[in-house]
Each structure stands twice: as C-alpha cells, then as structure tokens.
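Work through these exercises with the sequence and the model side by side. Try each task before reading its solution.

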Amino acid sequence: MNLNAQFKGNLQPSDTKKLAIYVPGATREELERGHQAAAAFFEENMCLPAQAAAAFFKLESIEFDPSVEMTDREIRIADVWQEAQEIAAKAICEGWREPAKFASFALGISTKKLAADCERNREMRGDTTLPHR
C-alpha cells in the first residue's frame, strides 16, 4: 500500500542517511544492521522517513494539544515510523540474550549526538544497566 503520494520509487541513500539509531551497548555493525532493516521497511511501505517522523511527532503532539487533527493517512504513516523503530531495534539486538530495554530513533541529528543525549538521560534517571549480550 502506497502511503506516500510523493514516493516515486526506490529510496535513495540520502533519504535514510539522516536516520540516527542508538541502542546502548550496540556495536557499529549492529547499528548498521538496524539502519538497513529500517530503510528496507520504509521502502516496503513506500514511505519517506522524514514524512513518517513528521506524522509521528504530530501524533505525539495531540497529548499536549487535543485540537490537533490527523488524517487516516497520517496515522498510518506515523505507525510506519513506530514499526520501523521496532524493526531496527530487533535487528540490532539479534543474537543478544535479551533485547535492549531502550532504543532511540531520530532524524536529522548525528548518531553520535543521539547517543550522547541518550546516555545523559540514562545517567539522569540513574539507569546504569546495559543489555545482556
């Protein structure tokens, strides 16, 4: 099902290269595997990551502003963002004894910046545990 009227064919590397994924304890290779899984999911759903992220954050904004309205299409695209995150985390944690308790997905920032922000937040919460690999 084509969720995105602007989708014109195969995703280009530039469409997903700004996608940052972070899971504490994951290696660079595992993060790349997650990135590839997410990119394939966006491709399968004919949905650009930027539009999926925008729809997801619009959906999240309803909590703070109930007057925000979304079309059925926007809700489906927001679901693609959430599912892509889950698929990426699953691919990253493949072979781990237990999956990571935390995974973060962002668009438009570097993985290094995302990792630093996530680690700072984990420290503030007092969470020092890493996944069992």
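**Exercise 1. Describe how helices H2 and H4 cross and pack.**

Step 1. Start with handedness: H2 and H4 cross in a right-handed way. This is a predicted model.

Step 2. Add the geometry. Helix H2 covers residues 28-44 and helix H4 covers residues 72-92. They pack at an angle of about 145 degrees, and their axes are 8 Å apart.

Step 3. List the residues that touch. H2 brings Glu30, Leu31, Arg33, Gly34, Ala37, Ala38, Phe41 and Phe42. H4 brings Val80, Trp81, Glu83, Ala84, Ile87, Ala88, Ala91 and Ile92.

Step 4. Sort them by character. The contact of H2 with H4 has 12 nonpolar residues, 1 polar and 3 charged.

**Exercise 2. Classify the aromatic pairs Phe42–Trp81 and Phe56–Phe57.**

Step 1. Count the pairs: the structure holds 4 aromatic pairs.

Step 2. Take Phe42 and Trp81. Their ring centres are 6.3 Å apart, with 40 degrees between the planes. Planes under 30 degrees apart count as stacked and those over 60 as edge-to-face, so this pair is tilted.

Step 3. Locate the two partners. Phe42 sits in helix H2 and Trp81 in helix H4, 39 residues apart, so the pair links distant parts of the chain. Both Phe42 and Trp81 are buried.

Step 4. Take Phe56 and Phe57. The distance is 5.2 Å centre to centre, and the planes are 75 degrees apart. That pair is edge-to-face.

Step 5. Join the rings up. Phe42, Phe56, Phe57, Trp81 and Phe105 make one aromatic cluster.

**Exercise 3. Decide why Phe56 counts as buried.**

Step 1. Read its value: Phe56 has 12% relative accessibility.

Step 2. Apply the cut-off. Buried means under 20%, so Phe56 counts as buried.

Step 3. Set this in the whole protein. Of its 133 residues, 38% count as buried.

**Exercise 4. Outline the fold, then judge where to trust the model.**

Step 1. Count the elements: the protein has 5 helices and 2 strands. Along the sequence they follow the pattern α-β-α-α-α-β-α.

Step 2. Look at contact range. Among contacts between residues at least 6 apart in sequence, 74% join residues at least 24 apart.

Step 3. Check confidence. The average pLDDT is 80, and 81% of the residues score at least 70. Helix H4 is highest, at 93, while helix H1 (residues 13-16) is lowest, at a mean of 56.

Step 4. Check the start of the chain. Residues 1-9 have a pLDDT below 50. Even so, this stretch has 23 contacts in the model beyond near neighbours in sequence.

Step 5. Draw the conclusion. Where pLDDT is low, predicted coordinates should not be read in detail.

Conventions
Residues are numbered from 1 along each chain as its sequence is written. This is a predicted model: local features need pLDDT of at least 70, side-chain atom pairs count only at pLDDT 80 or more; totals for chains, interfaces and linings use all residues. Side-chain values use heavy atoms; hydrogens and water are left out. Axes are lines fitted to C-alpha atoms, for helices over the stretch in contact, and angles run from 0 to 180 degrees between N-to-C directions. Helices (H or I, at least four residues) and strands (E, at least two) are DSSP runs, numbered from the N terminus. A crossing is left-handed if the near helix is turned anticlockwise from the far one by less than a right angle, and right-handed if clockwise. Contact means heavy atoms within 4.5 Å. Ala, Val, Leu, Ile, Met, Phe, Trp, Tyr, Cys and Pro count as nonpolar, Asp, Glu, Lys and Arg as charged, and the others, Gly among them, as polar. pLDDT is the predictor's confidence in each residue, from 0 to 100. Rings of Phe, Tyr and Trp (its six-membered ring) pair if their centres lie within 6.5 Å; planes under 30 degrees apart count as stacked, over 60 as edge-to-face and the rest as tilted. Buried means under 20% relative accessible area, exposed over 50%, partly exposed in between (1.4 Å probe, protein chains only).
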